Amino acid sequence: MSYDLIVFEAEGAPRELSAFVDWHIANAEAAEESETSLKMPASDRFAAFYDDMVVTYPDMNGPSGEGMDEGERLTGYEFQPKYILMDFRWSVAEDAFFAVMTSAQAHGLGVYDLNDAVIYPGNEPHSAAVP
């Protein structure tokens, strides 16, 4: 199991948890059905965020991770049209969360913590129990 975070463009996503989860599932299912996993970020903000992140958390499937062994900072990035899903090792979860939040805020992106079911659409966390 990994520590999973999603970054998304906040203006296009619901802020209420159950609606957000439905939005995420619908987007994931649509991508799976069309078999369109992107090879690069879908927007300029996603690209800037990704460029920030791969400096410290190289992409296990991309050029920043080539030639690397199974280092603890090696990270999986899944690009979708409306979000980027990242899976981190638990040993770096706290540092990864801070890095993701810092970069996401700098680029005007929201964050969803899949493990804790918390949405951070901007400066204020919105959380609720998992439905």
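With which residue does Arg45 form a salt bridge, and how far apart are the closest N and O atoms? The partner of Arg45 is Glu11, and the closest N and O atoms of the pair are 2.2 Å apart. A salt bridge is counted here where a side-chain nitrogen of Lys or Arg is within 4 Å of a carboxyl oxygen of Asp or Glu. Arg45 lies in helix 2 and Glu11 in the loop between strand 1 and helix 1 (17-34), with their positions 34 residues apart along the chain.

The model is predicted: local features need pLDDT of at least 70 and side-chain atom pairs count only at pLDDT 80 or more, whereas totals for chains, interfaces and linings use all residues. Residues are numbered from 1 along each chain as its sequence is written, and side-chain values use heavy atoms, with hydrogens and water left out.

The secondary structure of the protein chain consists of three helices and six strands. Helices (H or I, at least four residues) and strands (E, at least two) are DSSP runs, numbered from the N terminus. From that terminus the order of elements is β-α-α-β-β-α-β-β-β. Of the 131 residues in the protein chain, 44% are buried; buried means under 20% relative accessible area, exposed over 50%, and partly exposed in between (1.4 Å probe, protein chains only). The chain exposes about 7200 Å², of which carbon and sulfur atoms supply 52%. Accessible areas were obtained by the Shrake-Rupley method with a 1.4 Å probe, and for residues only the protein chains shown count as cover. Among contacts (heavy atoms within 4.5 Å) between residues at least 6 apart in sequence, 63% join residues at least 24 apart.

Strand 1 is paired with two other strands, where pairing requires that DSSP finds at least two bridges between the strands. Six bridges join strand 1 to strand 3 in an antiparallel arrangement, and five join strand 1 to strand 4, also antiparallel. Ile6 has Leu85 as its bridge partner in strand 3 and stands opposite Tyr112 in strand 4. Six of the seven residues of strand 1 are buried.

The largest nonpolar core has 24 residues, and those with the most contacts inside it are Val7, Phe49, Tyr77, Met86, Phe88 and Val100. Such a core is a set of buried Ala, Val, Leu, Ile, Met, Phe, Trp, Tyr and Cys residues joined through side-chain atoms within 4.5 Å. At least two residues of this core come from each of strand 1 (3-9), helix 2 (44-56), strand 2 (76-80), strand 3 (83-88), helix 3 (93-106), strand 4 (109-113) and strand 5 (118-120). A separate core of twelve residues includes Ala10, Ala13, Leu17 and Tyr83. Leaving aside neighbours within four places in sequence, Phe49 is in contact with Val7, Ile84, Met86, Val100, Ser103, Ala104, His107 and Leu109.

Helix 3 has 14 residues and reaches 20 Å from its first C-alpha to its last, close to the expected 20 Å; the expected span is 1.5 Å times one less than the number of residues. Its buried residues are Ala93, Ala96, Val100, Met101, Ser103 and Ala104. The cover over the buried residues of helix 3 includes strand 1, helix 2, strand 3, strand 4 and strand 5. Just after helix 3, Gly108 takes a positive phi of about 70 degrees.

Tyr112, in strand 4, is buried at a relative accessible area of 7%. Leaving aside neighbours within four places in sequence, the contacts of Tyr112 include Ile6, Phe8, Leu17, Phe20 and Ala117. The C-alpha atoms of Tyr112 and Leu17 are separated by 9.5 Å, although the two residues are 95 residues apart along the chain. Ala117 lies in the loop between strand 4 and strand 5 and has a positive phi of about 55 degrees although it is not a glycine. Ala117 is buried, with a relative accessible area of 4%.

The structure holds three salt bridges. Besides Glu11, Arg45 meets Glu9 of strand 1 at 3.7 Å, N to O, and Glu9, Glu11 and Arg45 are thereby linked in a network. Arg45 is partly exposed at 26% relative accessible area, as is Glu9 at 24%, whereas Glu11 is exposed at 58%. Asp95 and Arg73 also form a salt bridge (3.7 Å, N to O), which connects helix 3 with the loop between helix 2 and strand 2. Asp95 and Arg73 are partly exposed, at 44% and 29% respectively.
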